[in-house]
Amino acid sequence: MYSQPATTLTPALIIYLIDASDSMNEVSGDTTRIEMVNTALRTAVKDLVRRSMRDGVVQRRYKLAIFAYSTRVIDVLGGVRDLPELLRTGVPELSAGGVTDTAGGFGAVEKLLKEHIKDFQHSPAPLVCHLTDGVFTTTDPSHTIQRIQELRVTDGAVLVENVYFADNMLRRPVNNWQQWEGVTRPHEIADEYARFLFSLSSPLPETYRQNINNYGYHLQPATSLFFPGVHPDLVRLAFAISSATQLK
Amino acid sequence: MGDPVTARHMPITMRTSSHHDELQRAHLSGYAAIRLLSQRCAEAQAQGAPNQDYAVAVAAPDGNTLSFCVADGVGSSFHGEIAAVFLARRLVQWLDALPALPMTDIGAAERLRGELITWRTEAQALLHEIALPAETPALVREVMEELREGYGTETVFLAGRFDAARREGAARAAHIQRGWFCWMGNIAARIQLASGEWLAINGDDDAARWSSVRGLCGSLSTRHVAQSEMRRLLIWSDGAQALAAAVPALSDAELSQRARALLELPTSDDVTVLDVCWCDNGTDL
């Protein structure tokens, strides 16, 4: 499971679901949360380009969709786009404002997945990478997220990754994020909403863990696709995980 | 025993083509036969792109010396096919120029490490001759430039040399004396002994590779082999993994057909197989 490489015949689908509510304009270190997301998204696309290159040409090994949600949900790319197609128009920069309709965001993701999942039956399992900094202000998205995780392709169930921007959410402080081993159990998390998101995060597939650790990370087995967005390096890691499919 | 220097005056060279998919065959004075299969993946064939694998073999006409290399350029580096061609040619030149095979691994491995580091500069200079097309999207251009300067061109490889000596008056297959292998990465090799047993030569360290910027990424592995009556040598790139076990029993037509069948798979990758048979009259292959 989770061993299918991303190829031109079996491209991988990655869906980025980004909280673009007003609180994402808050300062984090020397930048803002939304700027951290924009930077990490651009870096992730560059990583996909590297993984897709052959003879200087970007191959169609990845398909992307980006949703930004606040008071309403915006399909930033207008559907599922090939990586080469996205590169011709450029990586979008997101701006923030409004409330936090997380359920609306996941609802849009579920609709897109149900429409397109038949095209990815022999591809790597689709992955939804969700970034947020605050509690939802509309309805509870849990059931929608669980329905998404029940969708399957041959390679495995759809994966849901959650990245949460909040201070002091881990019980043990981390001094070196490069050495961080990941979260395996709820009691490692001090923040209640972070525990909620952790409970709705898929397990990190072992193949993805090995692939990402080849880049110098130290995620341990049985860790979850849950990442604290408290440091740019961790946000970058979370985005890098989203493209950690096997290379052929 | 034949004079290896004299015998190498007219070497036989086989090398794969970057844009032509084919199976080549050569016979060496009735004592050895070589076939070399090269096929680009489906993606490359559809786009007219070059093969990222490269193989070269240089043999004395009497089969007493054979130097070879199979390399697989790293797709996520800057034009990995450049590293594959460059390094394979350098390695075979270096191996073929050795007056005799080393008796131990240690000194030869150290000398080769030095060469692998020295060769970086020349390979990196080749990259700077490549201009990116004007229509390259800005982000792709940024990635390519970062790759060129930060990673360079990279390849995995398995190279080696066999020195053999024919018994006086012997009409049978060459009596293999010594072989020496060096590798980085996941190119695979096996030797068949006279008993029929197969000996695997390498491990499967996917992470090790040679880089025109960083030099040795991971460990250089070497192995010295001394066996009499080695009958067969098989080397293959990972794209050929699915058919490697069957190769000894396949005719040329069957091997080509099995390789073409791999093109239908989503995981279609460049395929290279080097198959050398030291046999009674070269017809066992």
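Visitor: Is B:Arg25 buried, exposed or partly exposed, and what is its relative accessibility?
Guide: In this predicted model, B:Arg25 has a relative accessibility of 32% and therefore counts as partly exposed.

Visitor: Which residue does B:Arg25 form a salt bridge with?
Guide: Its partner is B:Asp252, and the closest N and O atoms of the two are 2.9 Å apart. The pair links distant parts of the chain, since B:Arg25 lies in strand β2 (residues 22-28) of chain B while B:Asp252 lies in helix α6 (residues 252-262), 227 residues apart.

Visitor: And B:Asp252, what does it count as?
Guide: B:Asp252 counts as partly exposed, with a relative accessibility of 25%.

Visitor: Which arginine other than B:Arg25 meets B:Asp252 in a salt bridge?
Guide: That is B:Arg35, whose side chain meets the side chain of B:Asp252 at 2.8 Å, N to O. Here too distant parts of the chain are linked, with B:Arg35 in strand β3 (residues 32-39) of chain B and B:Asp252 in helix α6, 217 residues apart. B:Arg35 has a relative accessible area of 1%, so it is buried.

Visitor: Why can side chains like these pair up at all?
Guide: Side chains of opposite charge can pair when their charged atoms come close.

Visitor: How many salt bridges does the structure hold?
Guide: Over all chains the structure holds 28 salt bridges. One of them, in chain A, joins the side chains of A:Lys63 and A:Asp82 at 2.6 Å, N to O. A:Lys63 belongs to strand β6 (residues 62-69) of chain A and A:Asp82 to strand β8 (residues 81-82), 19 residues apart.

Visitor: For that pair, what about A:Lys63, and is A:Asp82 buried or exposed?
Guide: A:Lys63 is partly exposed, with a relative accessible area of 23%, whereas A:Asp82 counts as buried at 10% relative accessibility.

Visitor: Which residues are linked with B:Glu142 in a network of salt bridges?
Guide: The network that includes B:Glu142 also takes in B:Glu146 from chain B, together with A:Arg42, A:Lys46, A:Asp47 and A:Arg50 from chain A.

Visitor: New topic: which residues touch the most other members in the largest nonpolar core?
Guide: That core has 95 residues, and A:Tyr16 and A:Val128 are the ones that touch the most other members. Helix α1 (residues 33-52) of chain A gives the most to this core, with nine residues.

Visitor: What does A:Tyr16 touch?
Guide: Leaving out residues up to four places away in sequence, A:Tyr16 touches several residues, among them A:Leu41, A:Leu64, A:Phe67, A:Cys129 and A:Phe239. Apart from the largest core lies another one of 30 residues, including B:Ile34, B:Ile191 and B:Leu274.

Visitor: How many disulfides are there?
Guide: The count comes to zero over all chains. B:Cys41, for instance, is in no disulfide, and the nearest cysteine sulfur, that of B:Cys69, is 20 Å away. B:Cys41 counts as buried at 0% relative accessibility, and B:Cys277 also counts as buried, at 2%.

Visitor: Back to chain B overall, what does its secondary structure come to?
Guide: Chain B comes to six helices and 14 strands, and buried residues make up 55% of its 285 residues. Among its contacts between residues at least 6 apart in sequence, 72% join residues at least 24 apart.

Visitor: How much area does chain B expose?
Guide: Chain B exposes about 11300 Å², with carbon and sulfur atoms supplying 52% of that area.

Terms used: Residues are numbered from 1 along each chain as its sequence is written. Chains are lettered from A and ligands numbered from 1 in the order in which they are written. This is a predicted model: local features need pLDDT of at least 70, side-chain atom pairs count only at pLDDT 80 or more; totals for chains, interfaces and linings use all residues. Side-chain values use heavy atoms; hydrogens and water are left out. Helices (H or I, at least four residues) and strands (E, at least two) are DSSP runs, numbered from the N terminus. Buried means under 20% relative accessible area, exposed over 50%, partly exposed in between (1.4 Å probe, protein chains only). Contact means heavy atoms within 4.5 Å. Accessible areas come from the Shrake-Rupley method with a 1.4 Å probe; for residues, only the protein chains shown count as cover. A salt bridge is a side-chain nitrogen of Lys or Arg within 4 Å of a carboxyl oxygen of Asp or Glu. A nonpolar core is a set of buried Ala, Val, Leu, Ile, Met, Phe, Trp, Tyr and Cys residues joined through side-chain atoms within 4.5 Å. A disulfide is a pair of cysteine sulfur atoms within 2.5 Å.
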